[in-house]
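Student: I've just opened this one, so walk me through it, please. Start with any empty space inside.

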Amino acid sequence: MDKDTILKVSDLHVDIKMLEGKLTPVRGVNFEIKRGETLGLVGESGCGKSLTCKAILSINDKKCRSTGSIIFNNEDEGEIDLLKLDPKGEKIRDIRGKHISMIFQEPMVAFSPMYTIGNQINECTRLHITKDRKKSKEISMEMMRKVGIANVEKRYNQYPHEFSGGMLQRALIAMALVCNPSLLIADEPTTALDVTIQAQILELMKELQKTYNMAILFITHDLGVVAKMCDRVAVMYLGKIVESGTAEEIYANPQHPYTRGLMGSVHKIGGKKTERLFSIDGTVPLAMNLPKRCGFYDRCDVRIEGLCNNADPELVTTDGQHQIACFACKNEACQKMRKEAEKRIVLEKTAGKEA
Amino acid sequence: MKKDTIMEVEHLHKRFTSKGVTVKAVTDVSFDVKEGETIGIVGESGCGKTTLGRCIVRAYQASEGKVMYRTAAGEEVDFLTVDKKKMKEIRKEIQMIFQDPYSSLDPRMTVLDIIKEPLKANFPDMPKSEMDDRAKAMAEKVGLNPAYLMRYPHAFSGGQRQRIGIARALIIEPRIIVCDEAVSALDVSIQAQVINLLEDLQKELGLTYLFISHDLSVVEHISDRVGVMYLGQMVEFADTEALFSHPMHPYTEALLSGVPVADPTVHIERIPLKGEIPNPANPPSGCYFHERCSYCTEKCVHEAPELKSMPDGRLCACHRAEELKLRGFTYSEE
């Protein structure tokens, strides 16, 4: 792995055993994040984006089983496979909060109502930086100032219910960044906030990213926020990444039919008023006992009968950083994959007949 | 009331009192709604937009003010003061779609029962078979498979549940529908399906919508006219395109500049708002917005601006509305 890459996720599967059968919400996810960049993970609810990022920190529910590999490139200790670590062991607990930290969706729920804000931010500092109470309080207060909380002396001793939603999200960011992590996972950090406050928080995150040179894995379903924040975008559908590339490329030239559908269903202010929104028919299928075919087959408008329902396309690189998983795309790499898949299907059929 | 007006909200106030503290949730809101149009109401959380919607359907009793309504029979009545019998009649014509498709459906009723419940309440004499037929026809109209109607709500996805809510609102053929954050809880692709459905039904049945939402791009897409609310007051009310391209109230400008645009090549400079939303139990003096406004003058601190008519016909509550040149979105010429 080269030095600039901070996290490499390969072939990540997450499955959950249930009474009805095995649920596979994440079915082979591959991506990597470079130091200092922002990767946006986009998709609808239930596509597995939250499970993916929780798998990185091994904080998924006990019922979830993750396989594959998640290599974290630590500056001091070199490469570590996070999935191989004991989820309750010292090693991963040293990484959580210190090297990789996370911002959760709802700031109201993420804080304990029983402890003061200062106490909760301090927990992280005392665990990872210094045992000295005075010093750790100073560090926490300094961080609270940096995220734009005014009147820190008073705020430090207040409880979460005394904070507004926007202020609480700032406090959550302070808690996540107080140990200066090299990777920040932000799971829908602004979804619960108002437009004006959302804009403030996004700007704050960008600013802090520059100061600390940290990488951000930004999970959201809001395509507007992605356009504002991310260098690269990965689009997820039914537990797989179907397209990824630089933000400019994905917005200007979406290739996968699902990405095109997503882009079409968002209304742009200033666009033509009479235009009907594009909508993708049907709903996301349940990720249980999925047959071997393209996950988007049922809802796709460019599907190829006989091919897309018999083989699952893989993510191939078309040019530079743009990756697509679709048989119907017109570029060289996808066409090559299509020909190979067709050959394989013919072979399987003849093999089946002979048997 | 003007001829094409279906509803006129006049000086509506709503105050909540608790433990001796009075919160003005809605203060002096007035606007009119034309038949067949869609009015968008936008604002941040806590600005009173949901309270306004609920006062209009009389789920809350407003503290002051009138909601003049022209019934299907052509009568003009004040919906807020009519007696119970009359109200029940008018309720048939004004329906509501709720925000959360998960909590607004009774989990112990089948979908068929949910959809026909308004019929049971309003037309108790209707034969049962006719109710079932109507419910089935309505389910089909909103894109639900009638074969699934004997199932319970938990068996449906978020988008389908919202369709159930829409079918329930439409079954007694209302004229006005108040949509309170009707698509906010849905994913973008499902959101597009529901918005298209609402637009199709409007064309087909001549419905009037009051569309309450915090999502400015959705409101811009669906509305003919938009009202912006801040701290319980209507600060601007204008045609959609005029409002988004040339806002006249500084709060509208700030709100627009914060909208994330789904295009990485567009960079809009955000107009920062100072501080946070004031406590509605203790609003600031003069213009409620003056503490956070970057165009604030001495007059704004002491004197509250009225919602006045502007030269282009819009309403705006700002002392400096006409002298300020505010920034909005650029509309493409096509």
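Tutor: A quick term, then: a cavity is a set of points, on a 1 Å grid over the protein atoms alone, where a 1.4 Å probe fits but cannot get out, and its lining residues have an atom within 4 Å of a point. This is a predicted model, where local features need pLDDT of at least 70 and side-chain atom pairs 80 or more, while totals for chains, interfaces and linings use all residues. Residues count from 1 along each chain as written, chains are lettered from A, and side-chain values use heavy atoms, without hydrogens or water.

Student: OK, how many cavities of 30 Å³ or more are there?

Tutor: There are 4. The largest has a volume of about 90 Å³, counting the space filled by probe spheres set on the points, which are joined across faces, edges and corners.

Student: Which residues line the largest one?

Tutor: Among them are A:Arg27, A:Tyr237, A:His256, A:Cys294, A:Phe296 and A:Asp312.

Student: New topic: how many residues of chains A and B are in contact?

Tutor: Chain B brings 36 residues and chain A brings 41, with contact meaning heavy atoms within 4.5 Å.

Student: And how much area do they bury?

Tutor: About 3600 Å² between them, 56% of it on carbon and sulfur atoms; that's the accessible area (1.4 Å probe) lost on putting the two together, summed over both. B:His221, B:Pro264 and B:Arg270 supply 17% of chain B's part, more than any other three residues.

Student: How many salt bridges cross the interface?

Tutor: Just 1 turns up across it, taking a side-chain nitrogen of Lys or Arg within 4 Å of a carboxyl oxygen of Asp or Glu. A:Glu203 and B:Arg270 form a salt bridge at 2.9 Å, N to O.

Notes. On a 1 Å grid over the protein atoms alone, a cavity is a set of points where a 1.4 Å probe fits but cannot get out, and a pocket is an open set with protein on both sides within 12 Å along at least five of seven lines; lining residues have an atom within 4 Å of a point.
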